[in-house]
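Let's take a walk through this one, from its charged pairs to its nonpolar interior. Have the model open and follow along.

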Amino acid sequence: MLRVLPRVRLLSTVRCWSAASKEDGKFFKNYNSDNPPELDLEAVRRQLMYRSRQRGWLELDIIIGEWAQKNLNTLDRDQLLEYQKVLEMENPDLFKWLAGQEPIPPEADTPFLQELKKFVESRKPSGRRL
C-alpha cells in the first residue's frame, strides 16, 4: 500500500543561528512559528524559490518559477506565508485554475492565486489556451 507523507511546512519551523546553542555544540536551533525570535527571510525565500521551480510539472515549474523570480524578493513574512499556501496546493488543480480551465473555488481563492492567474494571462499569446 502506498503511503502519503505530509508536506513540510517551511515557515512553521525555521532554523536560525543561535550563539547560545553554539556553546552546546549545536549550531542551529529549531524554533516554533508560534514564537519565532527572528526568521531568516532570505533562507525562506530561497526555499520557496526552489519549491516554485521544482514542482514536478514542467508547465507549473515555468509559470510559478518565473513569477517567483520576479516577485519573491518583495514579499514580507506574512506574504511569504500566503505564497507558501499556494505552493501547497495540488498540481492538477493549480494548473487548471491558472490556465482558466476551471474557475477557482472560493475556499482556495487567495490574492496570490489571483496574481498568478493574471501573470499567466499576461504571458499567454492572444487567443490561446494553456
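A good place to start in this predicted model is a small network of salt bridges that links Glu66, Lys70 and Arg123. Glu66 and Lys70 sit four residues apart in helix H3, about one turn of the helix, and their closest N and O atoms are 3.7 Å apart. Lys70 counts as exposed, at 51% relative accessibility, while Glu66 is partly exposed at 23%. The other arm of the network is Arg123, whose closest approach to Glu66, N to O, is 3.0 Å. Arg123 belongs to helix H6 and Glu66 to helix H3, so this pair ties together parts that are 57 residues apart in sequence.

The structure holds five salt bridges, and another one of them joins Glu42 and Arg45 at 2.9 Å, N to O. Both residues are in helix H2, three residues apart, again about one turn. Here Arg45 is buried, with 10% relative accessibility, whereas Glu42 is partly exposed at 42%.

Now for a lysine without such a partner. Lys117, in helix H6 (residues 111–123), is buried but makes no salt bridge. Why not? The cut-off for a salt bridge is 4 Å, and the nearest side chain of opposite charge, Glu121, is 4.4 Å away. Leaving aside residues up to four places away in sequence, Lys117 touches Trp97, Leu98, Gly100 and Ile104.

Two of those neighbours, Trp97 and Leu98, take us to the packing of H5 on H6, where together with Leu94 they meet Leu113, Leu116, Lys117 and Val120 of H6. The two axes come within 8 Å and cross at roughly 60°, which makes H5 oblique to H6.

H2 and H3 pack in another arrangement. Their axes come within 7 Å and cross at roughly 150°, so the two helices are roughly antiparallel. Met49, Ser52 and Arg53 make the contact from the H2 side, and H3 brings Leu60, Asp61, Ile64, Gly65, Ala68 and Gln69.

That leaves the interior. The largest nonpolar core has 27 residues, and the members touching the most others are Ile64, Trp67, Leu72, Tyr83, Leu94, Leu98 and Leu113. Helices H2, H3, H4, H5 and H6 each give two or more residues to this core. Tyr83 is a nice one to zoom in on: among its contacts beyond four places in sequence are Leu48, Ile64, Trp67, Leu72 and Phe112. As a general backdrop, nonpolar side chains tend to be buried together in soluble globular proteins.

Technical notes: Residues are numbered from 1 along each chain as its sequence is written. This is a predicted model: local features need pLDDT of at least 70, side-chain atom pairs count only at pLDDT 80 or more; totals for chains, interfaces and linings use all residues. Side-chain values use heavy atoms; hydrogens and water are left out. Buried means under 20% relative accessible area, exposed over 50%, partly exposed in between (1.4 Å probe, protein chains only). Lys and Arg count as positive and Asp and Glu as negative; His and the chain ends are not counted. Contact means heavy atoms within 4.5 Å. A nonpolar core is a set of buried Ala, Val, Leu, Ile, Met, Phe, Trp, Tyr and Cys residues joined through side-chain atoms within 4.5 Å. Axes are lines fitted to C-alpha atoms, for helices over the stretch in contact, and angles run from 0 to 180 degrees between N-to-C directions. Angles under 35 degrees count as roughly parallel, over 145 as roughly antiparallel, 65 to 115 as roughly perpendicular and the rest as oblique.
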